[in-house]
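Subject: Structure handover

Hello,

Here is the structure for your work. My notes on helices and strands follow below it.

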Amino acid sequence: MLRNPLSRAASSISGGACKTHATPHSCTAAVSFSPHVRPTTVRSSLVDPSRPSSMSIGGGVVARRQPPRPRNQIFRSLSTSSPRIASKKPSHGPRPGKAITTSILLSAVIGTILGFGLAKSSLLAKGDDSEVHGDNGGGGDEPKFGSPEEFALAIIELKETFAESSGNVTVSDDPDELHNHGFSENDHHPGVNPSVVVYPSCTEDVVKIVKIATRYRMPVIPYSGATSLEGQYRGIDPAPGATIGGMLSTGCSGTNAVRYGTAKAEWFLNATVVLPSGEVIKTRQRSRKSSTGFDTTKLFIGAEGTLGIVTEVTIRLTPLLPTTVAVVQFPDVQKATEAVIDVLKTGVGIQCVELVDNVFMAATNKYGMSKRKWPEKDSLFFKFQGPTPASLKESAAITKKIVEKHGGTGFQLARNDQEASDLWADRKNAHYSGLAYVEGSKGWPTDVCVPISKLPQLLYETKEDIAQSGLVSTIVGHVGDGNFHAMILFKTEEEKEIAKELVKRMVKRAIALDGTCTGEHGVGIGKKEYLVEELGEGTVELMKKIKRTIDPLGLFNPGK
């Protein structure tokens, strides 16, 4: 059996029927998805013509044929019922080192929102309601979007175009569906209703949508798995609802990053992309490596839909090795972090190592989904990986000795696969257990990343800052690569402002420690203001030049 290092990527590509074809001599595997099961969707914006164009609302493409469900329902369904790519018998499927090409069909991978409501919302988030024709990420001349009347004509043309199409394409302006795509109860960013949602079933459909949008100067905003935390998408081994397209577009990572790296490593070999002009390109061939020209695949990794819409990717596979899980408690997060640094130096088989604080453990107990009551202390979750049960036991024994030297207590190693799964489920429920901790609250989720040696200092200072603020926050960290997340809870607008200032101070501390404002959530509208401080004016200006060259009209994901 093979593991996609992107973990759930294989099971959340489209939710459609999939077939795996082994090709022993070429060392690749092709995966096809039935287009009629879950085609991608495009959201478009239409507004009341009597309203000024600066109030126009946008929408976006979705990854589901059925109406979007509440996010927690999406998490449950995708994690339990999605199709699998890998064969149970390695000899019948792709072998280690092979690649798999996934035709995303604009489903769970990528979506498209037509309109500029989200650009409007990004300006509102900054308190700027003056004009929607704002910065498209390119600087210089502002993009000029179409009028509400022109958008109305675009919607009509979309409906007529796909009414005549032989493909299974849906164009929807159902109010409930629009609301589900424009608002979320799980984040703090302002929401806006799109005007229409279009579900394309193939790359050619996306080309038609983009060309219509361009003709009427209608912004196009890719929309993926709806697991956005910074105003875009989330997500290598991300949340269960994340998608391959969203993972590529945010340059994401996750719990497996300590072992397999991030999306910006070599896991994405190539991508098929629809550009703002409507042209379709493939970034490179399927070979494992290439030294031909620029690495254009990586140009789109982390671009968050500002440069193109990804409809197909080729990803590398890696052997699926046995794993087990252990949990241990510590006096504080600093000692826990120092223990991890020493464990990693030994080279033991660590696939994941996750830091959770005492507030997280209390939230897990209160949430009620766990099969045990945890000591409410700062803790580490280890996932060991190795070729044999003996190797797993050896890694666990070495780790146990090291963590005990750093004050670790209650080291608990799973006795079987089921117990390991149950232990790890408590860690994977972090987002929802955190949100449920304070009744009636909303969460401000954020993440930062620093060199591992600086992580103890950053965690200590951040915990102190949160405690002094009077707010409550859980801390969850991919401590093996210096990345951690905070879920700051608030009820009132006043508390929301306090949370906002906490995030600002956390980001500035991380950047001062030679870190980044976001390790994996992405930039979106939540972290855009920190780019110059982190990267410098020259680097940001270079990115703007690339944006202006590829998207001169500024229609793809404006305001980002």
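Two strands count as paired if DSSP finds at least two bridges between them. The model is a predicted one, and the notes below should be read as such.

Strands 7 and 8

Strand 7 (residues 170–172) pairs with strand 8 in the antiparallel sense, over three bridges. Threonine 170 has tyrosine 199 of strand 8 as its bridge partner. Strand 8 covers residues 196–199. Val196 and Val198 point one way from this strand, while Val197 and Tyr199 point the other way. All of these residues are buried.

Helix 3

Helix 3 runs over residues 148–163 and has 16 residues. From its first C-alpha to its last it reaches 23 Å, close to the 22 Å expected at 1.5 Å a residue. Its buried residues are Pro148, Phe151, Ala154, Ile155, Glu157, Leu158 and Phe162. In general, residues three or four places apart point the same way, because an α-helix has 3.6 residues a turn.

The seven-stranded sheet

There is an open sheet of seven strands, in the order 17-14-16-15-19-20-18, with antiparallel pairing. Its edge strands are strand 17 (409–413) and strand 18 (442–449), each pairing on one side only. On average, neighbouring strands of this sheet are turned by 15 degrees against each other, direction ignored.

Within the sheet, strand 15 (residues 350–356) and strand 19 (residues 472–478) run antiparallel and are joined by two bridges. Valine 356 has valine 476 in strand 19 as its bridge partner. Helix 11 (residues 389–405) packs on the sheet and touches strands 14, 15, 16 and 17. The direction of helix 11 makes about 155 degrees with that of strand 16 (378–385).

Regards

Technical notes. Residues are numbered from 1 along each chain as its sequence is written. This is a predicted model: local features need pLDDT of at least 70, side-chain atom pairs count only at pLDDT 80 or more; totals for chains, interfaces and linings use all residues. Side-chain values use heavy atoms; hydrogens and water are left out. Helices (H or I, at least four residues) and strands (E, at least two) are DSSP runs, numbered from the N terminus. The expected span of a helix is 1.5 Å times one less than its number of residues. Buried means under 20% relative accessible area, exposed over 50%, partly exposed in between (1.4 Å probe, protein chains only). Axes are lines fitted to C-alpha atoms, for helices over the stretch in contact, and angles run from 0 to 180 degrees between N-to-C directions. Contact means heavy atoms within 4.5 Å.
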